[in-house]
Amino acid sequence: MVISEMAKVVVGKTEEIKMILACLLAGGHVLLEGVPGVAKTTIAKALAGSLNLEFSRIQFTPDLLPSDIVGTNVFDQKDVSFKLHKGPIFANVVLADEINRASPKTQSALLEAMQEKQVTIEGNTLKLPSPFIVIATQNPIEFEGTFPLPEAQVDRFLMKVELGYPTREEAIEILKNLKAIADWNIRPVLDAGSIQGYMGAVWSVNVDDTVRNYIVDLVDATRNRKTVKLGASPRAGSSLQTAAAAVALIEGRKYVIPDDVKRVARHVLPHRVLISQEAILDGATEMAVVDEIIDTVKVP
């Protein structure tokens, strides 16, 4: 239902939308990477609209401050007291647009929110709405005036989803549906309560020990490649399992199959792997290394 509703304004990208939805159900966050104009913002807004969730957008710039994200206490002259002014982080779906344009200090303001689902404002800890997902975007080809994301923050993203150019057929379909896209006829098909129910159901999806062994084999393989400088962390293994369970649930199954793991591995592992400088000079990429691992590790 959600995917077909989003298809009104997002042509193609069905697999990418499923991965983003899986991140939400797994309680994780997603990093969208793509050049301008490939519907990164549209996907985030359509997701919130189809799920009837509160949406907020934060445009990251070099002068953005942490308080601009989480909020601050503002002095009210009328009442002669300080009142909490909540920041845009207090929403269900938070679009962190061009996240790599903000300073590392501001980027780190998202860490507590993403990991703990809470923020601390001047000593007061406040819970964030549930469900809660950060959809961050970054442009892969623009480096001037940007700050690379710290490894600790990159690892907080359950998945990294790359949005490429549409196919010729999809491009024609977009042109045919420009008016419908502009009209933005997105209606809610689920609500926050339903989403929380599905999030709970993810943990009841059965994962066989053979599948768990396969997950461990994939993670271990990232640490045993000459081209890899730093392999995936233990968090990568748990991310693979929860993401695969969420995908299985979306597909209508109550059990995980190895294909679910292979499917999410291309989004869960690459941003958690650092390849050596020699491999980079030889033209290797993190995605190519992960693809090679998926192709060579024995499937149960």
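Below are exercises with worked solutions on a predicted model.

Residues are numbered from 1 along each chain as its sequence is written, and side-chain values use heavy atoms, with hydrogens and water left out. Local features need pLDDT of at least 70 and side-chain atom pairs count only at pLDDT 80 or more, while totals for chains, interfaces and linings use all residues.

**Exercise 1. Find at which angle α2 and α12 pack, and which residues meet.**

Step 1. Helices (H or I, at least four residues) and strands (E, at least two) are DSSP runs, numbered from the N terminus. Axes are lines fitted to C-alpha atoms, for helices over the stretch in contact, and angles run from 0 to 180 degrees between N-to-C directions.

Step 2. The axes of α2 and α12 are 8 Å apart, and the packing angle is about 115°. Therefore α2 is roughly perpendicular to α12. Angles under 35 degrees count as roughly parallel, over 145 as roughly antiparallel, 65 to 115 as roughly perpendicular and the rest as oblique.

Step 3. The crossing of α2 and α12 is right-handed. A crossing is right-handed if the near helix is turned clockwise from the far one by less than a right angle, and left-handed if anticlockwise.

Step 4. From α2, the residues K18, M19, L21, A22 and L25 meet A243, A246, V247, L249 and I250 of α12. Contact means heavy atoms within 4.5 Å.

Step 5. By class, this contact of α2 with α12 has nine nonpolar residues, no polar ones and one charged. Ala, Val, Leu, Ile, Met, Phe, Trp, Tyr, Cys and Pro count as nonpolar, Asp, Glu, Lys and Arg as charged, and the others, Gly among them, as polar.

**Exercise 2. Describe how α11 packs on α12.**

Step 1. Helix α11 covers residues 209–222 and helix α12 residues 234–250; their axes come within 9 Å and cross at roughly 135°. So α11 is oblique to α12.

Step 2. This crossing of α11 and α12 is right-handed.

Step 3. R212, I215 and V219 of α11 touch A236, G237, L240 and Q241 of α12. Four of the residues are nonpolar, two polar and one charged.

**Exercise 3. Do the same for α12 and α13.**

Step 1. Helix α13 spans residues 258–268, and its axis comes within 9 Å of that of α12, crossing at roughly 125°. So α12 is oblique to α13.

Step 2. The crossing of α12 and α13 is right-handed.

Step 3. Residues of α12 in the contact include A236, L240 and A243, and those of α13 include D260, V264 and V268. The classes are 10 nonpolar, one polar and two charged.

**Exercise 4. Find which lysines lie over rings.**

Step 1. A charge sits over a ring if NZ of Lys or CZ of Arg is within 6 Å of the ring centre and within 35 degrees of the ring normal.

Step 2. K45 lies over the face of W184, 5.2 Å from the ring centre. The charged end of K86 is over the ring of F90, at 4.9 Å from its centre.

**Exercise 5. Locate the cis peptide bond and the positive phi.**

Step 1. The peptide bond from S130 to P131 is cis, with omega near 0°. P131 is in the loop between β7 (124–127) and β8 (133–138).

Step 2. K13, a residue other than glycine, has a positive phi, near 60°. K13 is in the loop between α1 (2–6) and α2 (14–25).
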